[in-house]
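These are my notebook entries on one structure. I set out to look up its sheets, its backbone exceptions, its aromatic contacts and its nonpolar cores.

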Amino acid sequence: MKRGMVLTDLDGTFLNSSGKISDENLAALHELGRQKIVRVAATGRNLHSARQVVDHHLPFDYLIFSTGAGVCSFADDSILCTHELNEDDIQPLARFFSDCAIDFSIHHPIPDNHCFHWYASPEPTSDLISRLKYLQEFAFQGPFEKISRATQFLAISCDGHAIIAELQRRFAHLSIIRTTSPIDGRHIWIEVFPAAVSKGLAAEWLCRELGIEQRHTMSIGNDYNDQAMLEWTGHGFVVANGPADLRGLFLPAPGNDEHGFAVAARQWLAGLKA
């Protein structure tokens, strides 16, 4: 019988600034397993991208990927749960972003959502240019009219606050998630998913499937796309390298270069034993 669940974001949280896993974080992961705690990696990366930074041999039990659009078994990538947008939402969203002259991409259904169609504004962002350079084998330029299924939209903006507010007004039935650009740390990435998608909702679904109570869960993250997960779990930690406003809402943990995951996990585990 599993006693609880620990969920961790990857980039900027479990991984250090060089994209590596510290010995301390790995040891904490093993200790959680010995204590019969379910270990979950929860990332904004798609499955293909996640496997570039976390190999199958790591002692995680499950992987939440694409910000909760998919859940799989960590050991063998067996897909357990997926969500996708339909044509009724895809075409209006494509028109909205193109009318706003914002760079965006539409990602194929899981498990192929590392492939995408893209649109460039008259003045493309450096983020889009970088993505097209490094992901060129997976990138296809429009048209969008025949796309009827998709995992998500990803839009890139220099100042996304007004765009997010308008999206929330027009597409209130969808999940609109803000995250900080992993490329330059300056641009705002706006992800649009079906309503049932967030790291928090994926955590809730997985706990329900495994019979784990919410009060016996802990999560740790470093960015806004972790917020739903941090809010849902019994204990939410934010590493010191996260945004100040997010840190102020949750429990503190050392930065990702100071083994923040290990420190937070052991603190939570000690409380669980008490």
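**Entry 1: Backbone exceptions**

I began with T67, which is buried at a relative accessible area of 0%. I note at once that the model is predicted. T67 belongs to the loop between β3 and β4. I looked up its phi and found a value near 60°, which is positive although the residue is not glycine. For context, most residues other than glycine have a negative phi, and most peptide bonds are trans.

I then turned to H259, whose phi is also positive, near 60°, in a residue other than glycine. H259 sits in the loop between β16 and α10 (260–273). Is H259 buried or exposed? I recorded H259 as partly exposed, with a relative accessibility of 26%, whereas T67 is buried.

For the peptide bonds, I recorded a cis bond joining I110 and P111, with omega at about 15°. I placed P111 in the loop between β7 (103–107) and β8 (116–119).

**Entry 2: The eight-stranded sheet**

I traced an open sheet of eight strands with mixed pairing, in the order β5-β4-β3-β2-β1-β14-β15-β16. The edges are β5 (79–82) and β16 (251–253); each has a single partner strand, so one side of each lacks a neighbour in the sheet. On average, neighbouring strands of this sheet are turned by 20° against each other, direction ignored.

At one edge I checked the pairing of β4 (residues 70–73) with β5, which is antiparallel over three bridges. Within β5, C81 is the bridge partner of V71.

I next looked for helices on this sheet. Helix α2 (residues 23–34) packs on the sheet and touches β1 (4–8) and β2 (37–42), with its direction at about 140° to that of β2. Helix α7 (residues 199–210) lies across β1, β2, β3 (62–65), β4, β5 and β14 (217–221), and runs at about 150° to β3.

**Entry 3: The six-stranded sheet**

I traced another open sheet, of six strands, in the order β9-β8-β7-β11-β13-β12 and again with mixed pairing. Here β9 (139–141) and β12 (175–180) are the edge strands; each has a single partner, so one side of each is without a neighbour in the sheet. I noted an average turn of 25° between neighbouring strands of this sheet, direction ignored.

Which strand pairs with β11 (residues 152–157) in the antiparallel sense over five bridges? I found that strand to be β13 (residues 188–193). L154 stands opposite E191 of β13.

**Entry 4: Aromatic contacts**

I recorded 10 aromatic pairs in the structure. F14 and F60 form an edge-to-face pair, 5.3 Å centre to centre with 65° between the planes. F14 lies in helix α1 (residues 10–14) and F60 in the loop between α3 (47–50) and β3, so this pair ties together parts 46 residues apart in sequence. I found both F14 and F60 to be buried.

F60 also forms a tilted pair with F74, at 5.2 Å centre to centre and 45° between the planes. F74 is in the loop between β4 and β5, and F60 in the loop between α3 and β3, so the pair ties together parts that are 14 residues apart in sequence. F74 is buried, as is F60.

I then looked for charges over rings. The charged end of R51 sits over the ring of F74, 4.2 Å from its centre. R178 lies over the face of Y224, 4.0 Å from the ring centre.

Finally, I listed one aromatic cluster, formed by F96, F97, F104, Y119, F144, F153 and F171.

**Entry 5: Nonpolar cores**

The largest nonpolar core has 34 residues, of which L32, L63, I220, F261 and W268 touch the most other members. I found that α1, α2, β2, α3, β3, β14, β15 (235–239) and α10 each supply at least two residues of this core. The largest share, six residues, comes from α10.

I followed L32 further: leaving aside neighbours within four places in sequence, L32 is in contact with V6, I37, R39, F261, A265, W268 and L269. I also recorded a second, separate core of 23 residues, which includes F96, I106, A155 and I164. F96 is also one of the residues of the aromatic cluster listed in Entry 4.

Notes. Residues numbered from 1 in each chain as written. Predicted model: local features only at pLDDT ≥ 70, side-chain atom pairs only at ≥ 80, totals over all residues. Heavy atoms only, no water. Pairing = 2+ DSSP bridges. Helix = DSSP H or I, 4+ residues; strand = E, 2+ residues; numbered from the N terminus. Axes fitted to C-alpha atoms, helices over the stretch in contact; angles between N-to-C directions. Contact = heavy atoms within 4.5 Å. Buried < 20%, exposed > 50% of the residue type's maximum accessible area, 1.4 Å probe, protein only. Phe/Tyr/Trp six-rings, centres within 6.5 Å; stacked < 30°, edge-to-face > 60°. Lys NZ or Arg CZ within 6 Å of the ring centre and 35° of its normal. Core = buried A, V, L, I, M, F, W, Y, C linked by side-chain atoms within 4.5 Å.
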